[in-house]
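Colleague: I'd like to learn how to read a ligand site and the sheets in a model. Could you walk me through one?

Modeller: Gladly; let's put it on screen and begin with the ligand.

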Amino acid sequence: NHLKIAIKEFLLSTIQQLSFFQRFSDRFINFFSPYVEINFSQYEDYQFNHAFAAIETYLGAKATDKAKHLRASQVKESKGLVLKRDETKVRDEYEGVTVWWEMETDSTGYRTLKLTFHRRSRDIVTDSYIKYVVEEGKSIGAKNKQMKLFTNNPSSHWDSSKKSFWRYIDFEHPGNFQTLAMDPKKKEEILNDLAAFSNGKEYYKKIGKAWKRGYLLYGPPGTGKSTMIAAMANHLNYSIYDLELTAIRNNSELRKLLTATSSKSIIVIEDIDCSLDLTGKRKKERNLMTSREDGEQGSEEDKSFVTLSGLLNFIDGIWSACGQERIIVFTTNHIAKLDPALIRRGRMDMHIELSYCSFEAFKILAKNYLDLDTHPLFKKIESLMKETKIAPADVAENLMKKNVEIDADGSLKDLIQALERKKKSQGAQLDEPKDKYINKFYKAFRMSSKA
Ligand SMILES: Nc1ncnc2c1ncn2[C@@H]1O[C@H](COP(=O)(O)OP(=O)(O)OP(=O)(O)O)[C@@H](O)[C@H]1O
Ligand SMILES: [Mg+2]
């Protein structure tokens, strides 16, 4: 919000500045020159000038384009012919209009960008070119943004600064939609939804809704829920806030955490059923007990757990009021166990099921891991997959190369064996471990045995 205000102020001051310079330049033009000059200072009234930064980014990108171009021409042309680039001036063209940018640094290190153009292009420059440059600079800046993965610190470690709520590392997960194995139609649908969301600024304003979107990802372990979150972040260039509910004590801490998130981010609560079971249920039991024994203590207890209603209030209310362009994702292994209040329509915008590996999904994995489009063993795998539940993670594990060389035949045979084993055990109702914590253990085991 600070940023928004600053940008607004800045744009306002730009407009004022423009009219000032227009007046000034008009006189200037009449007496001396056909050229108009507009200045953008690094600071405006001691405030950092965000348009200055955006223009600088834009020009930076332009300059490297140009440098590349110059390098290319150096190869072709003889040495004597190579243009000497004026380092301080950048020439730009926009709708047939030529302008020049120049950076000036004064003795105190204070910088100013000077834009020069012919007075006959003034309307185009002031009406649309400057706006274009600022927008373009902002979007280049956003693209180059280093994504971060935030995790909340235990609230007992918080001090008075907002910085202590979250710690972060650079987010560098290779997860992407292309290699994600799932029904291609569903994938397309999700990608469309994400595109509509990330380009939806005007739309959300028009319909009077906060620019937010909620996804519920559900499915058995190892079906790609966490991978999909990484893919979403990579696709949109958003940071991730991985919210660990067990590290906070109550709803007001939850609120503090969530209001300290930045825009263009995905807030993730994994295994929502577990986090809330821990808190919601315990709270209910305690309330029953304490209200019978000691009313006062009951209200004390109320404050000490994150509750389902706290989370819901947040999604419905505060969530809408605290900043824009955020996605919230819940994941669960057991959608049936979730409180219906949490998943009613309108609260989570899209329910996405990640399911056991279908043949379609397998083909994506075979392409990723073995670079295979087809293979004589595919037929057998297809029919086995129809009658066996296997998570994509298990398929991937079998397709992963065990040697320096990829051995497609060997990997596919491994997979067939795994499928046949699963088929047998599923027939004997041994399925997979039922308890989430056992699942987690198996997963950790799977990961460590992979490594
Ligand atoms: N649909 C998929 N497409 C491609 N790879 C997958 C898919 N599902 C799982 N994998 C592979 O299995 C690994 C584990 O998957 P992931 O962590 O995304 O599962 P999950 O659904 O989040 O499981 P859990 O419910 O246990 O958290 C991933 O690192 C990935 O390599
Ligand atoms: Mg996961």
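**Reading the ligand site and the sheets**

Modeller: Start with a single polar contact: the side chain of S226 has an N or O atom 2.8 Å from an oxygen atom of ligand 1. Keep in mind that this is a predicted model.

Colleague: Which other side chains have an N or O atom at a listed distance from an oxygen atom of ligand 1?

Modeller: A pair of N or O atoms counts as a polar contact within 3.5 Å. In T227, a side-chain N or O atom is 2.5 Å from a ligand 1 oxygen, and for N333 the corresponding distance is 2.9 Å.

Colleague: How much of ligand 1 does the protein bury?

Modeller: Compare the ligand taken alone with the ligand in its site. Alone, ligand 1 exposes 630 Å², and the protein buries 88% of that area.

Colleague: Which elements give two or more residues to the shell?

Modeller: Four helices do so: α6 (225–236), α12 (359–370), α14 (392–399) and α16 (436–450).

Colleague: And how many residues surround ligand 1 in total?

Modeller: There are 18, and the closest are A181, G222, K225, S226 and T227. By character, the shell divides into seven nonpolar, seven polar and four charged residues.

Colleague: Which domains supply at least three residues each to the shell?

Modeller: Domain 2 (148–353) and domain 3 (359–450) each do.

Colleague: Let's turn to the sheets. What is the strand order in the seven-stranded one?

Modeller: Read a sheet by listing its strands from one edge to the other. Here the order is β8-β7-β10-β11-β12-β9-β13, in an open sheet with mixed pairing. The edge strands, β8 (166–170) and β13 (350–353), each pair on one side only. From one strand to the next, the twist averages 20 degrees.

Colleague: How do I follow the pairing residue by residue?

Modeller: Follow the bridges. Strands β7 (residues 148–152) and β10 run parallel and are joined by three bridges, with T151 opposite D242 in β10. D242 in turn stands opposite V268 in β11. Strand β10 (residues 239–242) runs parallel to β11 (residues 265–269), with four bridges between them; I240 also stands opposite I266 in β11.

Colleague: How are the strands ordered in the four-stranded sheet, and is its pairing parallel or antiparallel?

Modeller: That open sheet has the order β1-β6-β5-β4, and its pairing is antiparallel. β1 (35–41) and β4 (89–94) are at its edges with a single partner strand each, so one side of each has no neighbour in the sheet. Ignoring direction, neighbouring strands of this sheet are turned by 25 degrees against each other on average.

Colleague: Which residue in β5 is the bridge partner of D92?

Modeller: D92 has V99 as its bridge partner there. Six bridges join β4 to β5 (residues 97–105), and the two run antiparallel.

Key: Residues numbered from 1 in each chain as written. Chains lettered and ligands numbered in written order. Predicted model: local features only at pLDDT ≥ 70, side-chain atom pairs only at ≥ 80, totals over all residues. Heavy atoms only, no water. Near = heavy atom within 4 Å. Polar contact = N/O pair within 3.5 Å; in protein donor to acceptor, adjacent residues only side chain to side chain. Areas by Shrake-Rupley, 256 points an atom, 1.4 Å probe, with all protein chains shown as cover. Nonpolar A, V, L, I, M, F, W, Y, C, P; charged D, E, K, R; others polar. Domains from an automatic or database assignment. Pairing = 2+ DSSP bridges. Axes fitted to C-alpha atoms, helices over the stretch in contact; angles between N-to-C directions.
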